[in-house]
Amino acid sequence: MNGGGENGRADVPVVAIDGPSGSGKGTVAALVAERLGWALLDSGALYRIVAAVALERNMDLTDGAALAAMAAGLEIRFEDERVRVDGRDLTETIRTEPVSRASSQVAVLIPVREAILDLQRSMRQPPGLVADGRDMGTVVFADAPLKIFLDASTRVRAERRYNQLKNKGLDVNFRALLANLEERDARDRDRAVSPLVPAPDALIIDSTDLTIEEVLEKVLSEVESRQLN
Ligand code: C5P
């Protein structure tokens with residue numbers, strides 16, 4: 001997997017934002033990165049890319065070695081809010097429900113997780129990095145000076161995702177989406193490797209009754225009080 005240089009710098013601050021799908025972490029992470037002028041790592045997009053290419057090539061979604069080899073050979077670029085893989089724009093493809101589902105299937109495989117580890121760490125460059133995912137604070141950036149675990153009720157998370165997809169003009173069925181979300185959550189929480197759990201030192205924020213702005217202010221005030229910027 002191409003796209004990184006050195007393996008990141010431990011002296012560069014990282015804000016790790018983990019949580020289940022629809023907790024708002026992607027939106028909050030992008031806003032925090034913008035406000036701080038830091039880079040953004042959407043780690044879920046990497047699992048989605050591996051899943052999308054695997055589906056396209058009809059690969060076995062349980063074959064860790066083959067998927068990891070495929071992942072290692074991809075050239076991935078995040079530019080202007082677009083995702084390009086081997087020169088092709090996969091921005092919309094990776095957000096579809098079949099890809100969401102397959103992404104959590106390939107994410108249980110250790111070789112796949114290892115194949116994208118260096119790429120993720122290489123994004124730790126000055127002045128700082130905001131990283132969102134499931135294991136940013138527990139595994140990938142376990143030394144991050146600020147770890148947030150963003151949660152929300154299942155219903156609210158499903159509604160947010162539904163609205164997000166609708167706004168993008170995609171055809172979605174709420175019940176199917178809710179079932180898919182619950183299935184994906186269970187797989188992410190119960191897996192043996194890098195499960196979705198808050199790091200012991202994470203600040204847990206429940207966004208069920210909070211607006212994005214309220215969550216954003218909470219995170220920024222933590223950045224400020226820890227003097228990370
Ligand atoms: O965050 P997003 O919903 O885009 O992630 C898609 C899937 O990728 C998740 O359901 C999860 O299985 C996997 N993932 C992961 N570790 C991360 C980020 C995402 O296992 N750090």
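## Cavity and ligand site

The lining of the largest cavity divides into five nonpolar residues, four polar residues and one charged residue. This is a predicted model.

The largest cavity has a volume of about 30 Å³. A search of the whole structure finds one cavity of 30 Å³ or more. Its lining runs from Ser 23, Gly 24 and Val 28 through Leu 150 and Arg 160 to Ser 207, Leu 210, Thr 211, Ile 212 and Val 215. Arg counts as charged, so Arg 160 is the charged residue of this lining.

The ligand sits in the largest pocket. Around the ligand are 17 residues, and the closest are Arg 48, Arg 113, Asp 135, Arg 184 and Asp 188. By class, the shell holds nine charged, five polar and three nonpolar residues.

Which helices each supply at least two residues of the shell around the ligand? They are α2 (43-56), α4 (97-106) and α9 (174-190). The most comes from α2, which gives four residues.

Three polar side chains come up to the ligand, as listed here.

| Side chain | Ligand atom | Distance |
|---|---|---|
| Ser 43 | nitrogen | 3.0 Å |
| Arg 48 | oxygen | 2.6 Å |
| Asp 135 | nitrogen | 2.8 Å |

On its own, the ligand has 450 Å² of accessible area, and the protein covers 97% of this. Arg 48 and Asp 135 are also among the closest residues to the ligand.

Key
Residues numbered from 1 in each chain as written. Predicted model: local features only at pLDDT ≥ 70, side-chain atom pairs only at ≥ 80, totals over all residues. Heavy atoms only, no water. Near = heavy atom within 4 Å. Polar contact = N/O pair within 3.5 Å; in protein donor to acceptor, adjacent residues only side chain to side chain. Areas by Shrake-Rupley, 256 points an atom, 1.4 Å probe, with all protein chains shown as cover. 1 Å grid on protein atoms, 1.4 Å probe; cavity = no way out; pocket = protein on both sides within 12 Å on 5 of 7 lines; lining within 4 Å. Sits in = over half its atoms within 2 Å of the grid points. Points joined across faces, edges and corners; volume = space filled by probe spheres on them.
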